[in-house]
Amino acid sequence: LERAKKVLAAGISSEFRKYNHPHALFYTHGSGTKVYDVDGNEYLDFTLSQGPLILGHSHPEVLDAVKNASLKGQLFAGQHAMEIELAEKLQQIIPSAELIRFCLDGSEAVQTALRVARSKTGKSKFLRFEGHYHGWLDNVCYGISTPSPEAMGPRDSPAMHPWTQGLPEGAAEESFLLPWNDLDLVAKKLEEHHQEIAAIITEPVMCNNGCIPPKAGFLKGLRTLCSQYGVALIFDEVITGFRLGLGGAQALFGVTPDMAVFAKAIGSGYPISAIVGKRDWMEEIASARVIHAGTMNTGNPTVAAALATINILERDDPYPKMNALGERLRSGLRDIAKVSGQPMLVSGIGPVVHTGFTDLESAVDFRDVLLFDKAKLKTFVSRLHDRGLRIIGRGLWYISAVHTAEEIDQALELAEEVLTAQDR
Ligand code: PMP
């Protein structure tokens, strides 16, 4: 840590500063479901590096694909045959993917989708939801934790809130921010402001704060409203893409957005993302009004990583197994919470599990999540870490295709030990 502080601004990642102090972790390698640090410690990993490693660390077939592609050249700043192959695959598996464009990460792809929406509609604002995260670039960047629900103002307040961070002057007015899962509020906002709003952007399952699925009819309702008012519906599938199934949340819920953004899991940890969408929206990229560039964005062996990932996921179909392991973890954690008397709310969908400390029986939006006990969560995460188990600091567990039932049971044993010892 001392060495890092001399060369890396802030020394350690914000994840550790925020949640996991005093344990600054410096990794050396990862293999399957395990990660290792410079002190020789082994951890059972449910962070999957914030989600991307759907096939676990160092999957040999993915590594081989990248190596073989690299041996034929590492970058072609122009189209490469493999890029077409990957786009054809995405076209087959993602409902909204009529046309596709590749970038390096989720933030860039979000930015591109928003540009397309602005360009095609000629409108400038976005409607987005509290607690959703869409990357760290300026016009979608904001603090995702706030001191209290009261600090957020009235539920239908017209613009982003004062805790918006890092925005250039005036940029906060680019977005309307509403609570998630409240279709009536969205309808009201669109009725009043549709002439200003270029796009609604949403995580189809809210995974960045808690793990909250959409209420029945919510996504469908957004679809209807967006079509009615000429507003782009953008699904940010950076987390849900390939994780809930190859077609993402849009295939699972049967709602097709105008555009969608895929990143994280699609490259098994290599930097690649995709913006996909309906032809009439995506063709806007050919216009002079939209710039989508990036020296590193084409013909890179990361395309090979994505192709290998899809091929493995199609061949092995690990989704039933991952979903069953998710259910095993959720129900085991619920039992432990009951036995230990801890107010732990266990939620999630498929291979995504969330643990939060609250007496609430469920959460429907970010305002509920803000009421969770952060200190208790921090103790829980930190004590799991001390016992060699890593989960994401905000209480999220990701299950990969290579996790086993034995590892879930091992995690449950450790969680029981921690929860039983924790103050009520
Ligand atoms: N959207 C969502 C839903 C995300 O979870 C993230 C990253 N956590 C992003 C966008 C940004 O992606 P990236 O970190 O790859 O830029």
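Around the ligand there are 14 residues, and those that come nearest are D105, G106, S107, G135 and V238. Helix α5, residues 106-121, supplies three residues, the largest share of this shell. By class, the shell around the ligand holds five nonpolar, six polar and three charged residues.

The structure is a predicted model. Its scores are ipTM 0.99 and pTM 0.94. The pLDDT averages 89 over the chain, and 88% of the residues score at least 70. Two stretches fall under 50, and the model still gives each of them contacts beyond near neighbours in sequence. Residues 143-147, where the pLDDT is below 50, have ten such contacts. For residues 158-167, where the pLDDT stays under 50, there are 24 contacts beyond four places in sequence.

Next comes a pair of helices. Two packed helices are described by the angle between their axes and the distance between the axes. For helix α6 (residues 183-193) and helix α7 (residues 218-229), the angle is about 10 degrees and the axes lie 10 Å apart. Angles under 35 degrees count as roughly parallel, and α6 and α7 are therefore roughly parallel to each other. On the α6 side the contact is made by L183, V186, A187 and L190. On the α7 side F218, G221, L222, L225 and Y229 take part. Eight residues of this contact are nonpolar, one is polar and none is charged.

The model also contains a sheet. Strands of a sheet pair through backbone hydrogen bonds, either parallel or antiparallel. Here an open sheet of three strands follows the order β11-β12-β14, and its pairing is antiparallel. Strands β11 and β14 are the edge strands, as each pairs on one side only. From one strand to the next, the twist averages 20 degrees.

The table gives the residue ranges of the strands in this sheet.

| Strand | Residues |
|---|---|
| β11 | 344-349 |
| β12 | 352-357 |
| β14 | 396-398 |

How many bridges join β11 to β12? There are six, and the two strands run antiparallel. Within the sheet, S347 stands opposite H354 in β12.

A helix accompanies this sheet. Helix α11, made of residues 319-340, lies across β11, β12 and β14. The direction of α11 is at about 170 degrees to β11.

Definitions and conventions. Residues numbered from 1 in each chain as written. Predicted model: local features only at pLDDT ≥ 70, side-chain atom pairs only at ≥ 80, totals over all residues. Axes fitted to C-alpha atoms, helices over the stretch in contact; angles between N-to-C directions. Helix = DSSP H or I, 4+ residues; strand = E, 2+ residues; numbered from the N terminus. Parallel < 35°, antiparallel > 145°, perpendicular 65-115°, else oblique. Contact = placed C-beta atoms within 7 Å. Nonpolar A, V, L, I, M, F, W, Y, C, P; charged D, E, K, R; others polar. Near = placed C-beta within 6 Å. Pairing = 2+ DSSP bridges. pLDDT = per-residue confidence, 0-100.
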